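Trainee: I would like to go through this model with you. Can we start with the fold and then turn to the ligand?

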Amino acid sequence: MNQKNIDWANLPFSYSKTDYNVRTYFRDGKWGAMEISSSEYVPMHIAATSLHYGQEAFEGLKAYRGKDGKVRIFRWQENAKRMRRSAYGIMLAEVTDEIFYHSIVKAIELNAGYIPPYGTGATLYVRPLLVGSGARVGVKPADEYMFMVFVTPVGAYFKEGFKPVAVQVVRDIDRAAPLGTGKFKVGGNYAAGMRASERAHDEGFASVLFLDALEKRYIDEAGPANFFGIKGNTYITPQSDSILPSITNMSLEQIAKDLGLKVERRRVLFEELPTFEEVGACGTAAIISPIKKIVDKSTGETITYGEEAGPVSTKLYHQLRGIQEGTVEDIHGWNTIIEGI
Ligand SMILES: Cc1ncc(COP(=O)(O)O)c(C=O)c1O
C-alpha cells in the first residue's frame, strides 16, 4: 500500500477525489457483477427516477486505521440492513449483505493509500449509494438501479478538540412527516431539511434540532444526527418513527449499559430539556457533538449547558472511538478487520 502524500491533520471534512469507485447494476430483475471505475461521474438516463422522483438512498460509514495498523469497519451489517429498509421504504431494488460488503471492501482496498494514519483524527468515509436509474415519466418505481460505493478521506470533525456546539430549534420547517420517510436514509429528507440547516448555520448554529412534526412537543433529532441527554445515571434518547435509527446511537446505548448507566428510549418532551445535565448529538461523522446551548428560533427560549463536554459524554465518546480504533476491546464484535491493507 502506497500511502498518499496528504496533509492529514489539515484535511477538511469534505469530499476529495480518490482513485476508484465501484458500481453494480440491477437490470432484468437481477444484480450484475461489480464494476470498477476511475471516473467520478455517473452516466444517467435523463428520465431516471432518482433524478425526478427522489428514488435514491445512501449510507455513511467509515474505515479506521487502528493503533495496531489494522483497518477496521464498524458494524457494516447495520448499514446494509438500514439500506434495505430504505430500499423497502421507497421501492428500490434491495442490495444483499454480500454485494454491500464486497463493494465497500473493494472500494476501500482500491483506495487504501487514502486511509488516514492512526492518530491524525482523519478517517476514510465510505458512501454507498443506491439510485433508480431506469427511465420513467409517470410516477412509478424504476426497473433499473445502480448501487455505487465511493470513499473519500475526511479530516477530524473537531479540529480544536471535543468542543460543545450551539443548536437551533426549528418549528417552521419539517424534515419529515410523522408517517413519512424520516426513518429511511433517503435524499428527500435531506433536501427537506436543507433550508432550515443553512439558515441555522448562517445564524451561527452548528445544527438544527427538529421537533416532532405533528405536535411540535417532542424532540426528534439534530440535523444529520440523533439526540441524547444524560440525567443522573441515565442515557435518554428519543423514540420517534420519523428519525433515522442511528448506528452510533445504538452503539452508545449499549456502551452506556456496559458502563452501568440506565438507558431509556422514549419520547422526550421539549420542556424536559432543562432537566438534562448533558446533551449531545450523535452520528458517524463526529461520534458525539456535545451541545452547550439550545435556542428556540421562534420563541427565543435558550437552554444552556456546560461550555466543556460533560463527563458522561466524554467517557462514551472515548469508549466508542477506542473500539473503532482498536484501543478498547471490541467485546460486542462490532468491527470487521480488512486484512492485507
Ligand atoms: C438524519 C440522520 N440522523 C442520524 C444520523 C446518525 O446515524 P449514524 O450513527 O448511523 O451515522 C445520520 C447520519 O447518518 C443522519 O443523516
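The questions below cover the chain and the ligand site.

Trainee: How many helices and strands does the chain have?
Mentor: Keep in mind that this is a predicted model. Counted along the chain, the elements are six helices and 17 strands.

Trainee: Why is the chain as compact as a globular protein of its length?
Mentor: The C-alpha trace spans about 55 × 50 × 35 Å along its principal axes. For 341 residues the globule rule gives 20 Å, so the chain counts as compact because its own radius of gyration is close to that, at 20 Å.

Trainee: Where does the ligand sit, and which elements each supply at least two residues of its shell?
Mentor: The ligand sits in the largest pocket. Its shell holds 16 residues, with Y190, E221, S246, T248 and T284 the closest. By class, six are nonpolar, six polar and four charged. The elements that each give at least two shell residues are α5 (247-258) and β14 (278-283).

Trainee: Which residue has a side-chain N or O atom 2.6 Å from a ligand oxygen?
Mentor: Take the polar contacts in turn. E221 places a side-chain N or O atom 2.7 Å from a ligand nitrogen. I247 uses a polar backbone atom, 2.9 Å from a ligand oxygen. The side-chain partner at 2.6 Å from a ligand oxygen is T284.

Trainee: What percentage of the ligand's accessible area does the protein cover?
Mentor: On its own, the ligand has 390 Å² of accessible area. The share covered by the protein is 95%.

Technical notes: Residues are numbered from 1 along each chain as its sequence is written. This is a predicted model: local features need pLDDT of at least 70, side-chain atom pairs count only at pLDDT 80 or more; totals for chains, interfaces and linings use all residues. Side-chain values use heavy atoms; hydrogens and water are left out. A residue is near a molecule or strand if one of its heavy atoms lies within 4 Å of it. A polar contact is a pair of N or O atoms within 3.5 Å; within protein, one must be able to donate a hydrogen and the other to accept it, and residues adjacent in sequence count only if both atoms are side-chain atoms. Accessible areas come from the Shrake-Rupley method with a 1.4 Å probe; for residues, only the protein chains shown count as cover. On a 1 Å grid over the protein atoms alone, a cavity is a set of points where a 1.4 Å probe fits but cannot get out, and a pocket is an open set with protein on both sides within 12 Å along at least five of seven lines; lining residues have an atom within 4 Å of a point. A molecule sits in a cavity or pocket if more than half of its atoms lie within 2 Å of its grid points. Helices (H or I, at least four residues) and strands (E, at least two) are DSSP runs, numbered from the N terminus. Ala, Val, Leu, Ile, Met, Phe, Trp, Tyr, Cys and Pro count as nonpolar, Asp, Glu, Lys and Arg as charged, and the others, Gly among them, as polar. The radius of gyration is taken over C-alpha atoms; the globule rule is 2.2 Å times the number of residues to the power 0.38.
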